[in-house]
Amino acid sequence: MKKKRLFSRGVMFLLCLVFSVLFLLPTVLTITNSFMSESEIRANYGMIFSASGGGFVSEHVNLKFIPDRVTLSQYVSGLIKSPNYLVKYWNSILLVLPIVIFQVAIASVAAYSFTRWRGKVRDGIFFFYVILMLMPYQVTLVPNFLVSQWLGIINTPWSIILPGVFAPFSVFLLTKFMRRIPYSLIEAAKVDGADEWQIFTKICLPECRAALYSIAILVFIDYWNMVEQPLILLKDADSQPLSVFLSNINSGEIGLAFAMATVYMIPSLLLFLHGEEYLVEGIATQGSVKG
Amino acid sequence: MNERRAEQRHNKLRDFAASLCFLSPSLLGVGVFFILPFGVVIYYSLIDGVGTRSFVFFENFRKLLGNSAFLLAGRNTLLFSAVAVPLAVVLSLGLAVMLEARIPGKSGFRTFFLSPMMVPVASVVLIWQVLFSYNGSVNEWLGLAAGARIDWLQSDWNIYVVVLLFLWKNLGYFMILFMAGLSNIPKELLEVADVEGASESYKFFAIKLRYLSPTVLFVTILSLINSFKVFREVYLLTGDYPLGRLYMLQHFMNNTFRSFDYQKLSAAAVIMAAVMVVLIALLFKIEDWFGKDVEG
């Protein structure tokens, strides 16, 4: 019996190892390949991207983990020589940061309302938020597009930022977190004569600090990765975020693309390394869609 | 008596005012950017766009359901979901169970499995292309000769490549949901089962899976919804007009946006919304049902 259990544990461990390799492979390869020179990239992957220009092209594709010669040349040409990528990177930041900050801020007030006052109508509104949250872009983008046209903000970053700020996801998740705060805490503050705003800022927000961080991470990664909204709402190629622009890189600049892809994942990977526990907590709290 | 009632009414009014104060920023934004325009979308879906703006009721829907591009996109999206969702549920449950067992390096594995969710898809499509192109690494590894190679991205196989990318990105997330569900199973129950000498498989199927059923349903719906969003992966891998089975509903929407056909767009959005509402209602009903079952 014991032997059998040990054996099954060993199998599980091996399986986990295999899965780990599969899960890490694409990310790690992208990072290591970003340190190759353009000629090495062309030699290795020329078959696939049929790069223009001469140079040696291997007959077989060469998937390599470690570059022959580590070089930062791709980073230099992407970040210093041509401003194009930096502009797109800046676009991404300008779109995502306001959305994260204001979505969480507005959601925290709304979540307080949903936590503090229950009732048929308010629970109905909350239910409506949940439905809205689950709607795919095929549904929400058409209304967003129409409003942006009416307000004259189409083709400007505002057409993405404003709907993003009011997206119901944070409201939903933060409400679930806030409803866990013991009611006695709020009651005690009330007895002490605190008004609602004081209860909100002095008790609810500090209690939810970890939750706010985990929600901010989830919102950040969602919008850092966005593709659908800019494609519809930003026709102007110059204002596109890097998440869309990366796929439009022409085949002659594959090495550069690897480097920029790596640069683009740095902020989210750093957030992940720093806040993994919070992220896990945030996901686990979504456990069911009901409040 | 009267005074007390007046005070109660006063309190109620004050609560209502306060709750509205806190909710109004969000409610206003949701109203302006989602609800109001969606009302207009419904209106657009019911009128004739070209000249008269007269009500044509279901004419736009009838036309849409006869549109071959919409039907193709709908069929492809459903096909993708049918392949991806069961795989996502089973595999992520498997990962969660493995990480629950006593194996070394658990927290490291959890980090590894979760990491793809934090990597923007745009950053890894290049590697995906290197792997799955006609001249790519996967064909190389399989040792296929030039003639027998599979063009993974340009043939009917491409849907499976995207399924792989979908699983890679989403499994960690679903795994966390399952791990949370597993940790909610009463320990005493499993201990009793151990004392009674129940086998591992009995414990899994008779106890754990029963308690996990709400999570299973939640993950099913969530992955179904996420599978509707797979356009992102497809677009970044293959662009605006993918071949084979990858022409998704969002492609249809994007291309319709380009032609400014509001009637078609609106009808499609309304149909999608209706399908989603039915799915969500189903989720709530089932959650109710299973929740009672486990608690009772």
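This passage describes the predicted model of a complex of chain A and chain B.

The predictor assigns the complex an ipTM of 0.87 and a pTM of 0.89. For chain B, the average pLDDT is 85. In that chain, 95% of the residues score at least 70.

Both chains are built from helices. Chain A has 14 helices and zero strands. Chain B has 12 helices and, again, zero strands. Read from the N terminus, chain A is thus a run of α elements, written α-α-α-α-α-α-α-α-α-α-α-α-α-α. The pattern of chain B is α-α-α-α-α-α-α-α-α-α-α-α.

The overall dimensions were computed next. The C-alpha trace of chain A spans about 80 × 70 × 30 Å along its principal axes. For chain B the spans are about 85 × 70 × 30 Å. Chain A has a radius of gyration of 24 Å, whereas a compact globule of 291 residues would have one near 19 Å. Chain B has 25 Å, against a value near 19 Å for a compact globule of 296 residues.

Burial and contacts were then examined within each chain. In chain A, buried residues make up 45% of the 291 residues. In chain B, they make up 42% of the 296 residues. Contacts with a separation of 6 or more were also sorted by distance along the sequence. In chain A, 77% of these contacts join residues 24 or more positions apart. In chain B, the share is 74%.

Chain B is divided by the domain assignment into domain 1 (1–46) and domain 2 (61–295). The centres of these two domains of chain B, taken over C-alpha atoms, are separated by 36 Å. Four residues of domain 1 of chain B are in contact with six residues of domain 2 of chain B. On the domain 1 side, the touching residues are three nonpolar, one polar and no charged.

The contact between the two chains takes 78 residues from chain A and 79 residues from chain B. On the chain B side, helix 1 (residues 2–46) gives the largest share, with 16 residues. By class, this side of chain B has 57 nonpolar, 16 polar and six charged residues.

The largest nonpolar core has 164 residues. Within this core, A:Leu174 and B:Ala268 have the most contacts. Helix 7 (residues 158–183) of chain B gives the most to the core, with 15 residues. Domain 1 (1–46) and domain 2 (61–295) of chain B both contribute residues, so the core lies between them. Leaving aside residues up to four places away in sequence, B:Ala268 touches A:Gln138 in the partner chain. In its own chain, B:Ala268 touches B:Leu64, B:Phe70, B:Phe252 and B:Met253.

Helix 7 of chain B also holds B:Phe178. This residue has 25 other C-beta atoms within 10 Å. The cut-off for burial is 20 or more, so B:Phe178 is buried. Residues up to four places away in sequence were again left out of the contact list. B:Phe178 then touches B:Ser92, B:Leu93, B:Ala96, B:Leu212, B:Thr215 and B:Val219. B:Phe178 and B:Val97 are 81 residues apart in sequence, but their C-alpha atoms are 8.3 Å apart in space.

Helix 8 (residues 187–195) of chain B offers a contrast. Of its nine residues, the number buried is zero, so helix 8 lies largely in the open. Just after this helix of chain B, B:Gly197 takes a positive phi of about 80°.

Two further residues were noted for their backbone angles. Most residues other than glycine have a negative phi. A:Asn155 is not a glycine, yet has a positive phi of about 70°. A:Asn155 sits in the loop between helix 6 (137–151) and helix 7 (158–165) of chain A. With 14 other C-beta atoms within 10 Å, A:Asn155 is partly exposed. B:Phe260 is not a glycine either, and has a positive phi of about 55°. The place of B:Phe260 is the loop between helix 11 (249–258) and helix 12 (262–295) of chain B. B:Phe260 has 9 other C-beta atoms within 10 Å. The cut-off for an exposed residue is 12 or fewer, so B:Phe260 is exposed.

Note on methods: Residues numbered from 1 in each chain as written. Chains lettered and ligands numbered in written order. Predicted model: local features only at pLDDT ≥ 70, side-chain atom pairs only at ≥ 80, totals over all residues. Helix = DSSP H or I, 4+ residues; strand = E, 2+ residues; numbered from the N terminus. Contact = placed C-beta atoms within 7 Å. Nonpolar A, V, L, I, M, F, W, Y, C, P; charged D, E, K, R; others polar. Rg over C-alpha atoms; globule rule 2.2 N^0.38 Å. Core = buried A, V, L, I, M, F, W, Y, C linked by C-beta atoms within 7 Å. Domains from an automatic or database assignment. pLDDT = per-residue confidence, 0-100.
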